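Q: Please take a close look at the pockets of this model, and describe what lines them. A connected account that also covers a few local features elsewhere in the chain would be welcome.

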Amino acid sequence: MSRPIVLYENLRAPAYIPYYLAWARGAFAAEGVEVEMRLSPAPTRTAGALLDGEADVSWGGPMRVMLHHDRDPLCPLVCFCLVVGRDPFVLVGRGPNPGFRLADLAGARVGVVSEVPTPWLCFQDDLRRAGLDPDALDIRAGATMAENAGALRRGELDAVQLFEPAADGLLASGAGHVWLRFADRGPTAYTTFYTTNRFAEQERETCRALSRAMARALEAVAAEPAGEVAAAVSGFFPDLSVAALSRIVERFRGARVWTRDTALPPGPVVNLKAALISGGLIASDPPYERVVAAGLAGPERPSGAATQGQGWRAREDSNPQPSDP
């Protein structure tokens, strides 16, 4: 392109560390793409910004794309480049429960995520598949994750569904214990790039370059010591220590939250869509071919090549911050 592409950061969270690593290490520039990264005003406004031309590409949940396709079958939004390929949320309980089963939640007070819809939609689908009726459980909705974490500490809740770094705060202090990693569900298309059909068609090579940049970052996240990855992205998380970020990186890697390549096959998309349908967020069945832009995952690099190349790691020490919208 003759100008930088505007890339929206959907929201700031450690689950998106591969994106921050790509930015901090200059991976986009190494692939020949000039990027202006901006923080979206709100996750609910990101898709509208793409449709209105305020941004070119964003990362975020395919849930938003499916929701827009459900409302408008001619919606031009499409996903590509899977990065968060498993559910990054965890269920944290007050005491150890190494043999946890979903049936253990009968009679428990459970705080669920309210800030974004996908975590609870996936959780309720897990419950239904286990033969449990979510409406029959003591599910507490409406509070923030921070509020739920505080309620768990005070003994007002028995288990809470959390994102990092809220989970790390409970685990590191001993106030909480992991009962369930939702990543154990298996592949779920949690976070991809998404854009419009027009941009994907007119800027096909730009999209492929973005995917290659993320392949660089994903390989580095998988191969490098957690402390190095944490130090490289620490500027994005001034309130978190490098030690805390390192623990989070290790947990995400252990749960296989991040993919090893950027392909976006049907399986993880269908798994997410099933949860959105069972939870009532969408009523239709948007076809895979309508919501995923084909052929934008590569070409793949030879093994070991993703962390090489002029420019890759050049910006590691500066930790540049994205501009505000």
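A: The model is predicted, and the account below starts with its largest pocket.

This pocket holds about 540 Å³ of space. Its lining is made up of 34 residues, and those nearest its centre are Leu11, Ala13, Tyr16, Val116 and Phe163. Three helices, α4 (62-71), α5 (118-129) and α6 (145-153), each give at least two residues to the lining of the largest pocket. The largest share comes from α4, with three residues. Sorted by class, the lining of the largest pocket consists of 23 nonpolar, six polar and five charged residues.

The second largest pocket has a volume of about 310 Å³. It is lined by 18 residues, and Arg256, Val257, Trp258, Thr259 and Arg260 lie nearest its centre. Two elements, α9 (204-223) and α11 (242-254), give two or more residues to this lining. Of these, α9 provides the largest share, three residues. By class, the lining of the second largest pocket has eleven nonpolar, two polar and five charged residues.

Two local features complete the account, a helix and a strand residue.

Helix α1 spans residues 17-24 and is mostly covered, with eight of its eight residues buried. The buried residues of α1 are Ile17, Pro18, Tyr19, Tyr20, Leu21, Ala22, Trp23 and Ala24. After α1 comes Gly26, which has a positive phi, near 75°.

Asp138 belongs to strand β7, which covers residues 138-140. The relative accessible area of Asp138 is 30%. Asp138 is therefore classed as partly exposed, since buried means under 20% and exposed over 50%. With neighbours within four places in sequence left aside, Asp138 is in contact with Ala108, Arg109 and Val110. Another residue that can be placed relative to Asp138 is Leu105: the two are 33 residues apart in sequence, and their C-alpha atoms are 8.3 Å apart in space. Within its own strand, Asp138 also has a polar partner: its side chain makes a polar contact with the side chain of Arg140, at 2.7 Å.

Note on methods: Residues are numbered from 1 along each chain as its sequence is written. This is a predicted model: local features need pLDDT of at least 70, side-chain atom pairs count only at pLDDT 80 or more; totals for chains, interfaces and linings use all residues. Side-chain values use heavy atoms; hydrogens and water are left out. Buried means under 20% relative accessible area, exposed over 50%, partly exposed in between (1.4 Å probe, protein chains only). Helices (H or I, at least four residues) and strands (E, at least two) are DSSP runs, numbered from the N terminus. On a 1 Å grid over the protein atoms alone, a cavity is a set of points where a 1.4 Å probe fits but cannot get out, and a pocket is an open set with protein on both sides within 12 Å along at least five of seven lines; lining residues have an atom within 4 Å of a point. Grid points are joined across faces, edges and corners, and a volume is the space filled by probe spheres set on the points. Ala, Val, Leu, Ile, Met, Phe, Trp, Tyr, Cys and Pro count as nonpolar, Asp, Glu, Lys and Arg as charged, and the others, Gly among them, as polar. Contact means heavy atoms within 4.5 Å. A polar contact is a pair of N or O atoms within 3.5 Å; within protein, one must be able to donate a hydrogen and the other to accept it, and residues adjacent in sequence count only if both atoms are side-chain atoms.
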